[in-house]
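Visitor: I'd like a close look at one small part of this protein, and then a walk outwards from there. Could you take me through it?

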Amino acid sequence: MTTVQYPQGADYQLAMQHADFALVDPVLKHGQIEMRPDRGTIPVVRSGGFVFTYHLHLTHGSDKALRCYNKAIPDLFARYEHIVPMTRRAADLFLPTDFQRVGILVNGQRYPLMVMEWVAGETLNNWIAHHLTSAAIGSLIPQFDQMLRQMAQLGIAHGDLQHGNILVDDQGHLRLIDYDSMYVPALAGLPPADAGQRNYQHPQRRGEFDARLDRFPGIVIGLALRALQADPTLWPEFGISGENMLFTREDFLAPTRSPLLARLRGVS
């Protein structure tokens, strides 16, 4: 079987400079890609995981996030055939999503494109850095707990639950983004698309792919929120790396040597 070679950052940047030609969807063709204010012909791109993400402004209709893949994901089409309906079923957790098997033309070839509603907000870690009070952080805890309960009731898992995949919108509501690693019951038997962010995954996780994937990262995030509610001064010391929310993989591997856990024993 031939492995598809996906475009890389420079390829997508060039394509998005001419989005009216590169995008296949006739509605998206009429949108405007967000450009850098200092260099008006260079698209603003947000990279992470498997994708490059662009902000498309539509004159008529809501803005979109265009997610362009830079590497192959096993069974990508089959996954989204079942993931997209679930995101609509639980629309209070997820963003409206459209997966286009043939969505963008790059270097003369067509590639898949994930189209999501663009929601103004901040990732969880950035929001915390800008709202570092016990009251503000405490307001997120019931929402996060309800999010975990709702996914458990549906028998699904995000699969890469971490700060960068949780958005706090302008109304202070939590929304999940990035569904490439998501588990829904119809995907039972497939391998995981990704191992998840290392600072949120159990050290003994191997090839598991089921509805229990969010249990450990859910504990990690839930404990971090509660610790920060009790003592927001933990953030400057343990939370500002951009790679974690207080806890790191090293804390899980060697808890008796963890400065964070030693500090938390004194948090009331």
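Where does Ala-135 lie?

Guide: Before we zoom in, keep in mind that what you have on screen is a predicted model. Ala-135 sits in helix α5, which covers residues 134–154. Its relative accessible area is 64%, and since anything over 50% counts as exposed, Ala-135 is exposed. If you look for something distant in sequence to pair it with, try Ala-230: the two positions are 95 residues apart along the chain, yet their C-alpha atoms are separated by 9.7 Å.

Now follow the helix itself. α5 lies across strands β8 and β9, and it runs at about 35° to β9. Those two strands belong to an open sheet of 3 strands, ordered β7-β8-β9 and paired antiparallel. The edge positions go to β7 (121–123) and β9 (174–176); each has a single partner strand, so one side of each has no neighbour in the sheet. From one strand to the next, the twist averages 35°. Between β7 and β8 (residues 166–169) there are 3 bridges, in the antiparallel sense. If you want one pair to click on, take Thr-123, whose bridge partner in β8 is Leu-167.

The helix also has an inward-looking story. The largest nonpolar core contains 81 residues, and the ones with the most contacts inside it are Leu-66, Tyr-69 and Leu-246. α5 supplies the largest share of that core, with 8 residues. Ala-135, being exposed, shows you another aspect of the helix.

Those core residues are good places to go next. Start with Leu-246. Setting aside neighbours within four places in sequence, Leu-246 is in contact with a string of residues including Ala-224, Ala-227, Leu-228, Trp-235 and Phe-238, along with Asp-251 and Leu-260.

Then try Leu-66, which takes you into strand β4 (64–69). What's its setting? 6 of the 6 residues in β4 are buried, so the strand is largely enclosed by the rest of the structure. As a rule, side chains in a regular strand alternate between the two faces of the sheet. Here Lys-64, Leu-66 and Cys-68 point one way, Ala-65, Arg-67 and Tyr-69 point the other way, and all of them are buried. So yes, that buried set takes in a lysine and an arginine, which is worth a look on your screen.

β4 has a strand on record at each of two pairings. With β3 (residues 51–57), β4 pairs antiparallel over 6 bridges, and there Tyr-54 stands opposite Leu-66. The hairpin joining β3 and β4 has 6 residues between the strands, and Gly-61 takes a positive phi near 110° in it. With β6, β4 again pairs antiparallel, over 5 bridges, and Leu-66 stands opposite Val-115 this time.

Just past β4 comes Asn-70, in the loop that leads to α3 (76–89). Buried means under 20% relative accessible area, and Asn-70 has 11%, so Asn-70 is buried even though it is a loop residue. Leaving out residues up to four places away in sequence, it touches Tyr-6, Pro-7 and Gln-8, and also Gly-49, Phe-50, Val-51 and Phe-52.

From β6 (residues 109–117) you can step across to β5, since the two pair in the antiparallel sense over 7 bridges. In that pairing Ile-104 stands opposite Tyr-111. The β5–β6 hairpin has 2 residues between the strands, and Asn-107 takes a positive phi near 55° there. β5 (residues 97–106) has 7 of its 10 residues buried, so it too is largely enclosed by the rest of the structure.

Finally, pull back to the whole chain. You'll find 9 helices and 9 strands. The radius of gyration is 19 Å, close to the 18 Å that the globule rule gives for 268 residues, so the chain is as compact as a globular protein of that length. Its C-alpha atoms fill a box of roughly 60 × 45 × 30 Å along the principal axes, and 51% of the residues are buried. Of the contacts with a separation of 6 or more, 61% are between residues 24 or more positions apart. As for the outside, the accessible surface is about 13100 Å², with 54% of it belonging to carbon and sulfur atoms.

Notes. Residues numbered from 1 in each chain as written. Predicted model: local features only at pLDDT ≥ 70, side-chain atom pairs only at ≥ 80, totals over all residues. Heavy atoms only, no water. Pairing = 2+ DSSP bridges. Helix = DSSP H or I, 4+ residues; strand = E, 2+ residues; numbered from the N terminus. Axes fitted to C-alpha atoms, helices over the stretch in contact; angles between N-to-C directions. Contact = heavy atoms within 4.5 Å. Core = buried A, V, L, I, M, F, W, Y, C linked by side-chain atoms within 4.5 Å. Buried < 20%, exposed > 50% of the residue type's maximum accessible area, 1.4 Å probe, protein only. Rg over C-alpha atoms; globule rule 2.2 N^0.38 Å. Areas by Shrake-Rupley, 256 points an atom, 1.4 Å probe, with all protein chains shown as cover.
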